Amino acid sequence: MKLKKIILITVLLIFGKITAQQDSTKVYKKRVLETTEIDFLTSYYVQDGNNASVTGGIGKEYLTDFTPTIVVSIPLNADDVLTIDAGISTYTSASSSNGNPFDVTGASANDDDDDDDDDDKMAIVPKDVIGSPWVASSGASSQDTWGSVSIDYSHSSDNRNTIWNVDASFATEYDYSSIGFGGGVTQLFNEKNTSVGVSAKVYLDAWRPIYPTELKAFTDTNGNLNDGFFKGVTILDQNGIASSNWHPIDGFGLIKDKSRNSYSASFSFSQIVSKNAQLSLFIDMVKQQGWLANPLQRVYFGDVPNYYIGNSASIPNYSSPNNKDVFQLADDIERLPDSRFKIPMGVRFNYFINENIALRTYYRYYFDDWGITAHTANLEVPIKLYDKFTLYPSLRYYNQTQADYFAPFEQNVSTSTYYTSDYDLSKFSAIQYGFGISYTDIFTKLHISRFGLKNIDLKYANYKRNTGLKANIISFGMKFILK
């Protein structure tokens, strides 16, 4: 009997110790995210160039874009985090406004700010219908707002060596909407010095296509140039003589398959090489299917006659920025294959020179089955000043070959199956210089109500392509934590 009591007491002590250890683990397990974090992010982007794709590869590319975003990360418990990302992007665009360029309020009829005789030479056009690829129209597509929201749920295992997530998103703009979902898992090994991650995403997009005005009007009237938009409008041939022979390419029609779906799979590997160095590798595989061209982007062929609306005296100088009052009627919209397979792969290498200076390097190689190959190289050098301020000078270089289906203005041919004059698919190289400054206060001494300011980031970048496109972007962000 005494022996039984000893055994019973021993078992109870062991069980109690195990239970206490488990309870201790639950109590003292470090939380993945200690408290709610809120990021306020915004950027302002402005660009200009002379290769607008909406007007067939020539014309002003002036665009401004303002993008405010809020990201809220909420710890649901010690292991799970819910992240909500919502933002808008509101833009004004000289190029996209010329989906409908035939707007007297957007062209030179209200822009008589010179002393030459061009206005005296202007032929009287019924309804004053004029336009130019070099003048912004006041059409509906000149500005718009894109909005998106995404939700991500992530879970970390007790030992923090396994992290999985699922996400969903929705985005909409005036001419398309998108639904996305995906997920992934990351596994850490070797005392968290090694990590491997895999993920997959699906985006299901639907076009609400907007077409160039003259092409949509042609289909609306079944090719009747004396009805609808064309009623009372004089169409001119290359010699400035009135003509009724214009028509889009034979067989032109509005798009029927309005879907554009994307499927991607990603693999990543990261290794802490030493106390000062970290190496990361990644590869993505992306498959796109559906209508992959932009129905608002015109194409002009070099093997068909040209026709215009506007001032006949400006036809010889059509491709010059001095042209303010004549517009060439499109031959077609851009046509591209209904599938595309893309593979980007790259490497990151970060090296900490000392506690104040680090090197962040990045290289990516890209290729697809449309004929594009591209190289990207990026260098950033964070320099820590004092305890709270860090400077971020950076340099990025990019170059690519052109797609198989690209040709400049009036260099595509009508016998081709696919064609575009979008300079994003042309051969070009680009360089970007950047500079940023960051303020970090891990103790969040500055408070706004119950929120402590954790960090502030301000960055500027200047971007230039050898095609003439130039852009500047300023981005600003603040992170707050709930106290």
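1. Strands here are DSSP runs of E that hold at least two residues, and they are numbered from the N terminus. The structure is a predicted model. In these terms, S178 belongs to strand β6, which covers residues 176–189.

2. The surroundings of S178 can be described in some detail. Its relative accessible area is 9%, and because buried means under 20%, S178 is buried. The side chain of S178 makes a polar contact of 2.5 Å with the side chain of D205. Leaving aside residues up to four places away in sequence, S178 touches S169, F170, A171, Y203, L204 and D205.

3. A second serine, S475, is found in strand β24, residues 470–482. S475 has a relative accessibility of 27% and so counts as partly exposed, a class that lies between the 20% and 50% limits. Along the sequence, S475 and S43 are 432 residues apart, yet their C-alpha atoms are 4.0 Å apart in space. S43 is also among the residues that S475 touches; the others are T42, D457, L458 and K459, again not counting residues up to four places away in sequence.

4. One of the residues touched by S475, K459, also takes part in a charge-over-ring arrangement. The charged end of K459 sits over the ring of Y392, at 5.4 Å from the ring centre. Another such arrangement involves R465, whose charged end sits over the ring of F428, 4.0 Å from its centre.

5. Three strands make up an open sheet with antiparallel pairing, in the order β8-β12-β13. The edges are β8 (236–237) and β13 (326–328); each has a single partner strand, so one side of each has no neighbour in the sheet. Strand β12, residues 307–310, is joined to β13 by three bridges, and the two run antiparallel. Within this pairing, I309 stands opposite F327 of β13.

6. Which residues form an aromatic cluster with F327? They are F102, F218, F229, F230 and W246, which together with F327 form one cluster. F327 therefore appears both in this cluster and opposite I309 in the pairing with β13.

7. Aromatic pairs, meaning rings of Phe, Tyr and Trp whose centres lie within 6.5 Å, come to a count of 18. In one of them, Y153 and W164, the ring centres are 5.7 Å apart and the planes stand at 55°, so the pair is tilted. This pair links distant parts of the chain: Y153 is in strand β4 (residues 143–156) and W164 is in strand β5 (residues 162–173), eleven residues apart. Y153 is partly exposed, at 25% relative accessibility. W164 is partly exposed as well, with a relative accessible area of 35%.

8. The pair F218 and W246 is edge-to-face, with 5.5 Å from centre to centre and 80° between the planes. Here too, distant parts of the chain are linked, since the two residues are 28 apart, with F218 in helix α4 (residues 213–220) and W246 in the loop between β8 and β9. Are F218 and W246 buried or exposed? F218 counts as buried at 17% relative accessibility, and W246 counts as buried at 2%. Both residues also belong to the aromatic cluster that includes F327.

Conventions: Residues numbered from 1 in each chain as written. Predicted model: local features only at pLDDT ≥ 70, side-chain atom pairs only at ≥ 80, totals over all residues. Heavy atoms only, no water. Helix = DSSP H or I, 4+ residues; strand = E, 2+ residues; numbered from the N terminus. Buried < 20%, exposed > 50% of the residue type's maximum accessible area, 1.4 Å probe, protein only. Polar contact = N/O pair within 3.5 Å; in protein donor to acceptor, adjacent residues only side chain to side chain. Contact = heavy atoms within 4.5 Å. Phe/Tyr/Trp six-rings, centres within 6.5 Å; stacked < 30°, edge-to-face > 60°. Lys NZ or Arg CZ within 6 Å of the ring centre and 35° of its normal.
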